[in-house]
Amino acid sequence: MGRVTERRKVIRIRDGAVSARPDTLVAEEPLEIRLNGKPLAITMRTPGDDFALAAGFLVSEGVLATDDDLQNIVYCAGATADGSNTYNVVDVRTAPHVTPPDITLERNVYTTSSCGLCGKASLDAVRTTARWPIADNPPVRVAPELLASLPDRLRAAQRVFDRTGGLHAAALFSEEGELLDVREDVGRHNAVDKLVGRALQSGDLPLSRAVLLVSGRASFELAQKAVMAGIPVLAAVSAPSSLAVDLAAETGLTLVGFLRGTSMNVYAGEERVALRAGAAQG
(Lines give C-alpha, C1' and ligand atoms only; values in the text may rest on other atoms or scores of the structure.)
Protein backbone atom coordinates (compact mmCIF):
# COMPACT_ATOMS: atom_id res chain seq x y z
CA MET A 1 0.00 0.00 0.00
CA GLY A 2 1.17 3.53 -0.68
CA ARG A 3 3.03 5.24 2.10
CA VAL A 4 2.09 8.50 3.72
CA THR A 5 5.53 9.98 3.03
CA GLU A 6 8.24 9.41 0.44
CA ARG A 7 11.89 10.45 0.15
CA ARG A 8 13.30 12.48 -2.74
CA LYS A 9 16.67 14.05 -3.42
CA VAL A 10 16.74 17.83 -3.11
CA ILE A 11 19.40 20.46 -3.74
CA ARG A 12 19.47 22.66 -0.66
CA ILE A 13 20.72 26.24 -0.84
CA ARG A 14 21.27 28.08 2.43
CA ASP A 15 23.08 31.42 2.55
CA GLY A 16 24.89 30.56 -0.68
CA ALA A 17 25.98 27.11 0.47
CA VAL A 18 24.79 24.25 -1.78
CA SER A 19 24.30 20.68 -0.64
CA ALA A 20 22.45 17.57 -1.77
CA ARG A 21 20.27 15.75 0.73
CA PRO A 22 17.13 13.60 0.93
CA ASP A 23 13.88 15.34 1.79
CA THR A 24 10.66 13.88 3.18
CA LEU A 25 7.60 14.66 1.07
CA VAL A 26 3.93 13.90 1.59
CA ALA A 27 2.75 11.13 -0.73
CA GLU A 28 0.05 11.89 -3.29
CA GLU A 29 -1.66 9.14 -5.27
CA PRO A 30 -4.97 8.82 -7.11
CA LEU A 31 -7.88 7.01 -5.53
CA GLU A 32 -10.73 5.83 -7.73
CA ILE A 33 -14.02 5.47 -5.88
CA ARG A 34 -16.50 3.01 -7.36
CA LEU A 35 -20.09 2.69 -6.22
CA ASN A 36 -21.57 -0.79 -6.50
CA GLY A 37 -19.02 -1.64 -9.15
CA LYS A 38 -19.44 1.53 -11.25
CA PRO A 39 -16.76 4.24 -11.41
CA LEU A 40 -17.89 7.42 -9.63
CA ALA A 41 -14.94 9.68 -8.82
CA ILE A 42 -11.18 10.00 -8.73
CA THR A 43 -9.45 12.07 -6.08
CA MET A 44 -5.79 12.80 -5.46
CA ARG A 45 -5.14 11.91 -1.84
CA THR A 46 -2.57 10.91 0.73
CA PRO A 47 -2.85 7.11 1.10
CA GLY A 48 -4.41 5.97 4.35
CA ASP A 49 -7.97 5.85 5.72
CA ASP A 50 -9.12 5.17 2.16
CA PHE A 51 -12.32 3.40 3.21
CA ALA A 52 -13.24 6.28 5.51
CA LEU A 53 -12.46 8.76 2.74
CA ALA A 54 -14.79 6.95 0.34
CA ALA A 55 -17.54 6.68 2.93
CA GLY A 56 -17.25 10.35 3.87
CA PHE A 57 -17.31 11.36 0.21
CA LEU A 58 -20.58 9.48 -0.22
CA VAL A 59 -22.05 11.15 2.86
CA SER A 60 -21.32 14.54 1.27
CA GLU A 61 -22.95 13.27 -1.94
CA GLY A 62 -26.12 12.32 -0.08
CA VAL A 63 -25.74 8.60 -0.81
CA LEU A 64 -24.93 7.42 2.73
CA ALA A 65 -26.39 8.68 5.98
CA THR A 66 -25.88 5.91 8.55
CA ASP A 67 -23.70 2.85 8.95
CA ASP A 68 -26.75 0.73 8.03
CA ASP A 69 -26.59 2.20 4.51
CA LEU A 70 -23.11 0.76 4.01
CA GLN A 71 -22.70 -2.90 3.18
CA ASN A 72 -18.92 -3.00 2.76
CA ILE A 73 -15.91 -1.34 1.16
CA VAL A 74 -13.14 -3.32 -0.54
CA TYR A 75 -10.01 -2.63 -2.51
CA CYS A 76 -10.20 -3.65 -6.16
CA ALA A 77 -7.42 -5.03 -8.31
CA GLY A 78 -5.16 -2.30 -9.62
CA ALA A 79 -4.09 -1.62 -13.18
CA THR A 80 -0.46 -2.71 -13.01
CA ALA A 81 0.96 -4.88 -15.78
CA ASP A 82 1.53 -7.81 -13.44
CA GLY A 83 -1.96 -7.55 -11.95
CA SER A 84 -0.77 -6.65 -8.46
CA ASN A 85 -3.03 -4.53 -6.28
CA THR A 86 -2.17 -0.85 -6.26
CA TYR A 87 -4.57 -0.12 -3.39
CA ASN A 88 -5.74 2.89 -5.39
CA VAL A 89 -9.23 1.65 -6.29
CA VAL A 90 -12.03 1.08 -3.78
CA ASP A 91 -15.55 -0.21 -4.36
CA VAL A 92 -18.31 0.87 -1.99
CA ARG A 93 -21.25 -1.50 -1.76
CA THR A 94 -24.44 0.00 -0.40
CA ALA A 95 -27.19 -1.83 1.45
CA PRO A 96 -30.15 -3.02 -0.65
CA HIS A 97 -32.46 -0.29 0.69
CA VAL A 98 -30.20 2.55 -0.51
CA THR A 99 -31.41 4.25 -3.67
CA PRO A 100 -28.46 4.50 -6.05
CA PRO A 101 -27.65 7.97 -7.37
CA ASP A 102 -27.96 8.82 -11.04
CA ILE A 103 -24.39 8.39 -12.24
CA THR A 104 -24.16 10.40 -15.45
CA LEU A 105 -21.24 11.79 -17.40
CA GLU A 106 -21.77 15.08 -15.56
CA ARG A 107 -21.60 13.36 -12.19
CA ASN A 108 -18.69 11.11 -13.03
CA VAL A 109 -16.27 13.58 -11.56
CA TYR A 110 -12.56 14.08 -11.22
CA THR A 111 -11.63 15.73 -7.94
CA THR A 112 -8.26 17.25 -7.14
CA SER A 113 -6.49 17.82 -3.86
CA SER A 114 -7.09 21.56 -4.17
CA CYS A 115 -10.61 22.11 -5.40
CA GLY A 116 -12.70 19.05 -4.68
CA LEU A 117 -15.84 18.87 -6.79
CA CYS A 118 -15.11 21.93 -8.87
CA GLY A 119 -18.23 23.76 -10.02
CA LYS A 120 -20.49 20.90 -9.09
CA ALA A 121 -22.73 22.07 -6.34
CA SER A 122 -25.25 24.79 -5.68
CA LEU A 123 -27.13 25.93 -2.60
CA ASP A 124 -30.27 24.18 -3.85
CA ALA A 125 -28.42 20.89 -4.30
CA VAL A 126 -27.28 20.88 -0.68
CA ARG A 127 -30.74 21.78 0.60
CA THR A 128 -32.34 18.94 -1.31
CA THR A 129 -29.81 16.25 -0.42
CA ALA A 130 -29.07 17.01 3.25
CA ARG A 131 -30.37 14.15 5.40
CA TRP A 132 -30.31 16.07 8.65
CA PRO A 133 -31.00 19.72 9.28
CA ILE A 134 -28.50 21.34 11.60
CA ALA A 135 -30.49 20.70 14.75
CA ASP A 136 -28.36 21.09 17.86
CA ASN A 137 -30.97 21.29 20.59
CA PRO A 138 -30.03 22.83 22.95
CA PRO A 139 -27.80 24.92 20.70
CA VAL A 140 -24.05 24.37 20.85
CA ARG A 141 -22.34 27.34 22.54
CA VAL A 142 -18.62 27.91 22.19
CA ALA A 143 -16.63 30.75 23.70
CA PRO A 144 -14.24 32.74 21.51
CA GLU A 145 -11.44 31.76 23.87
CA LEU A 146 -12.14 28.08 23.24
CA LEU A 147 -12.20 28.61 19.46
CA ALA A 148 -8.93 30.52 19.66
CA SER A 149 -7.24 27.56 21.35
CA LEU A 150 -8.18 25.03 18.67
CA PRO A 151 -5.67 25.82 15.86
CA ASP A 152 -2.68 25.24 18.14
CA ARG A 153 -4.18 21.96 19.32
CA LEU A 154 -4.78 20.90 15.72
CA ARG A 155 -1.23 21.81 14.78
CA ALA A 156 0.15 19.81 17.72
CA ALA A 157 -1.75 16.73 16.49
CA GLN A 158 -0.39 16.92 12.92
CA ARG A 159 2.22 14.20 13.01
CA VAL A 160 2.92 13.99 9.28
CA PHE A 161 2.98 17.78 8.82
CA ASP A 162 5.96 17.93 11.17
CA ARG A 163 7.93 15.76 8.74
CA THR A 164 6.74 17.22 5.44
CA GLY A 165 5.14 20.65 5.93
CA GLY A 166 2.80 19.75 3.07
CA LEU A 167 -0.46 18.51 4.53
CA HIS A 168 -3.85 19.94 5.33
CA ALA A 169 -5.65 18.79 8.44
CA ALA A 170 -9.18 18.65 9.79
CA ALA A 171 -10.25 17.93 13.35
CA LEU A 172 -13.44 17.34 15.25
CA PHE A 173 -13.79 18.84 18.72
CA SER A 174 -16.56 18.55 21.26
CA GLU A 175 -18.33 21.71 22.33
CA GLU A 176 -16.20 21.56 25.51
CA GLY A 177 -13.02 21.55 23.39
CA GLU A 178 -12.12 17.85 23.61
CA LEU A 179 -10.26 16.62 20.52
CA LEU A 180 -12.38 13.80 19.10
CA ASP A 181 -10.52 12.96 15.89
CA VAL A 182 -7.98 14.45 13.50
CA ARG A 183 -7.03 13.46 9.95
CA GLU A 184 -4.36 14.74 7.55
CA ASP A 185 -4.33 14.71 3.77
CA VAL A 186 -2.82 16.54 0.83
CA GLY A 187 -6.39 17.71 0.11
CA ARG A 188 -8.37 19.55 2.77
CA HIS A 189 -11.64 18.11 1.46
CA ASN A 190 -10.18 14.59 1.76
CA ALA A 191 -9.21 15.23 5.38
CA VAL A 192 -12.82 16.17 6.15
CA ASP A 193 -14.15 13.15 4.26
CA LYS A 194 -11.90 10.90 6.33
CA LEU A 195 -13.32 12.39 9.54
CA VAL A 196 -16.92 12.07 8.38
CA GLY A 197 -16.39 8.58 7.01
CA ARG A 198 -14.92 7.38 10.29
CA ALA A 199 -17.91 8.87 12.10
CA LEU A 200 -20.30 7.05 9.76
CA GLN A 201 -18.48 3.75 10.26
CA SER A 202 -18.71 4.25 14.03
CA GLY A 203 -22.42 5.06 13.92
CA ASP A 204 -21.81 8.61 15.14
CA LEU A 205 -23.65 10.58 12.45
CA PRO A 206 -25.07 13.16 12.63
CA LEU A 207 -22.29 15.06 14.41
CA SER A 208 -24.76 17.46 15.94
CA ARG A 209 -22.58 18.48 18.93
CA ALA A 210 -19.27 18.83 17.14
CA VAL A 211 -17.01 21.66 16.01
CA LEU A 212 -15.13 21.09 12.76
CA LEU A 213 -11.79 22.90 12.36
CA VAL A 214 -9.97 22.97 9.03
CA SER A 215 -6.55 24.24 8.08
CA GLY A 216 -6.57 26.75 5.27
CA ARG A 217 -9.68 28.32 3.83
CA ALA A 218 -13.35 27.42 4.16
CA SER A 219 -14.62 26.70 0.66
CA PHE A 220 -18.20 26.02 -0.32
CA GLU A 221 -17.41 22.33 -0.48
CA LEU A 222 -16.14 22.18 3.10
CA ALA A 223 -19.25 24.00 4.30
CA GLN A 224 -21.29 21.50 2.30
CA LYS A 225 -19.56 18.57 3.96
CA ALA A 226 -20.18 20.05 7.41
CA VAL A 227 -23.88 20.53 6.63
CA MET A 228 -24.24 17.02 5.19
CA ALA A 229 -22.72 15.56 8.38
CA GLY A 230 -25.00 17.64 10.61
CA ILE A 231 -22.08 19.61 12.08
CA PRO A 232 -23.24 22.94 13.58
CA VAL A 233 -19.91 24.83 13.74
CA LEU A 234 -17.21 25.11 11.06
CA ALA A 235 -14.06 27.09 11.82
CA ALA A 236 -11.14 27.78 9.48
CA VAL A 237 -7.78 29.42 10.00
CA SER A 238 -8.14 31.30 6.71
CA ALA A 239 -10.89 33.00 4.69
CA PRO A 240 -14.23 31.57 3.63
CA SER A 241 -15.61 31.95 0.14
CA SER A 242 -18.74 33.98 -0.54
CA LEU A 243 -20.70 30.85 -1.44
CA ALA A 244 -19.62 29.15 1.78
CA VAL A 245 -21.00 32.12 3.72
CA ASP A 246 -24.25 31.98 1.73
CA LEU A 247 -24.63 28.27 2.41
CA ALA A 248 -23.93 28.74 6.13
CA ALA A 249 -26.52 31.50 6.38
CA GLU A 250 -29.17 29.42 4.57
CA THR A 251 -28.61 26.20 6.53
CA GLY A 252 -27.95 27.59 10.00
CA LEU A 253 -24.26 26.63 10.06
CA THR A 254 -21.99 28.72 12.26
CA LEU A 255 -19.02 29.74 10.10
CA VAL A 256 -15.86 31.21 11.61
CA GLY A 257 -12.90 32.33 9.51
CA PHE A 258 -9.48 33.90 9.99
CA LEU A 259 -9.15 32.03 13.29
CA ARG A 260 -5.69 33.22 14.26
CA GLY A 261 -4.50 33.91 17.76
CA THR A 262 -7.28 35.65 19.65
CA SER A 263 -8.80 37.09 16.46
CA MET A 264 -11.55 35.62 14.30
CA ASN A 265 -14.42 36.63 12.03
CA VAL A 266 -17.88 35.14 12.51
CA TYR A 267 -19.63 35.12 9.13
CA ALA A 268 -22.84 33.27 10.01
CA GLY A 269 -24.53 31.63 12.99
CA GLU A 270 -23.12 34.04 15.56
CA GLU A 271 -25.72 32.85 18.07
CA ARG A 272 -23.52 29.83 18.82
CA VAL A 273 -20.52 31.98 19.72
CA ALA A 274 -20.77 33.00 23.37
CA LEU A 275 -20.01 36.70 23.00
CA ARG A 276 -19.87 39.04 25.94
CA ALA A 277 -22.81 41.38 26.29
CA GLY A 278 -22.40 44.28 23.91
CA ALA A 279 -19.39 42.75 22.21
CA ALA A 280 -21.13 42.62 18.84
CA GLN A 281 -22.10 46.27 18.95
CA GLY A 282 -20.29 49.08 17.15
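Two strands are taken as paired if DSSP finds at least two bridges between them. In this predicted model, strand β10 and strand β11 (residues 233-236) clear that bar with four bridges, and the two run parallel. Within this pairing, Val214 sits across from Ala236 in β11. Getting from β10 to β11 takes the chain through helix α6 (residues 220-228), and the resulting β-α-β crossover is right-handed. β10 also has strand β8 (residues 168-174) as a partner: five bridges join β8 and β10, this time in an antiparallel arrangement. Here Leu172 is the residue standing opposite Leu212 of β10.

With partners sorted out, the next thing to look at is how β10 is packed. Five of the five residues of β10 are buried, so the strand is largely enclosed by the rest of the structure. Neither face is left open: Ala210, Leu212 and Val214 cover one side, Val211 and Leu213 the other, and all are buried.

Ala210 makes a handy close-up. This alanine belongs to β10, which spans residues 210-214. Ala210 has a relative accessible area of just 3%, and because buried means under 20%, it counts as buried. Once neighbours within four places in sequence are set aside, Ala210 is in contact with Leu172 and Phe173, and also with Ile231, Pro232 and Val233. As for Ala226, which is 16 residues away from Ala210 along the chain, the two C-alpha atoms are 9.9 Å apart.

Zooming out, the largest nonpolar core runs to 54 residues, and the ones with the most contacts inside it are Leu205, Leu212 and Leu234. Leu205, again ignoring neighbours within four places in sequence, touches Val59, Ala65, Trp132, Val196, Ala199, Leu200 and Ala229. Another core, of 19 residues, lies apart from that one; among its members are Leu154, Phe173, Leu259 and Met264.

Then there are the charges. Side chains of opposite charge can pair when their charged atoms come close. Across the whole structure, a search turns up 15 salt bridges. One of them links Arg198 to Asp49, with an N to O distance of 3.8 Å. Arg198 is part of helix α5 (residues 188-201), while Asp49 falls in the loop between β4 (38-45) and α1 (50-60), so this pair ties together parts that are 149 residues apart in sequence. Both ends are partly exposed, Arg198 with a relative accessible area of 29% and Asp49 with 32%. The pair doesn't stand alone, either: Asp49, Asp181, Arg183 and Arg198 are linked in a network of salt bridges.

Two other bridges have their partners close together in numbering. Arg8 pairs with Glu6, and the closest N and O atoms are 2.7 Å apart. In that pair Arg8 is partly exposed, at a relative accessible area of 44%, whereas Glu6 is buried at 18%. Arg34 likewise forms a salt bridge with Glu32, where the closest N and O atoms are separated by 2.8 Å. Arg34 is partly exposed with a relative accessible area of 24%, and Glu32, at 17% relative accessibility, is buried.

Methods:
Residues numbered from 1 in each chain as written. Predicted model: local features only at pLDDT ≥ 70, side-chain atom pairs only at ≥ 80, totals over all residues. Heavy atoms only, no water. Core = buried A, V, L, I, M, F, W, Y, C linked by side-chain atoms within 4.5 Å. Buried < 20%, exposed > 50% of the residue type's maximum accessible area, 1.4 Å probe, protein only. Contact = heavy atoms within 4.5 Å. Salt bridge = Lys/Arg side-chain N within 4 Å of Asp/Glu carboxyl O. Right-handed = clockwise from strand over helix to strand, strands pointing away.
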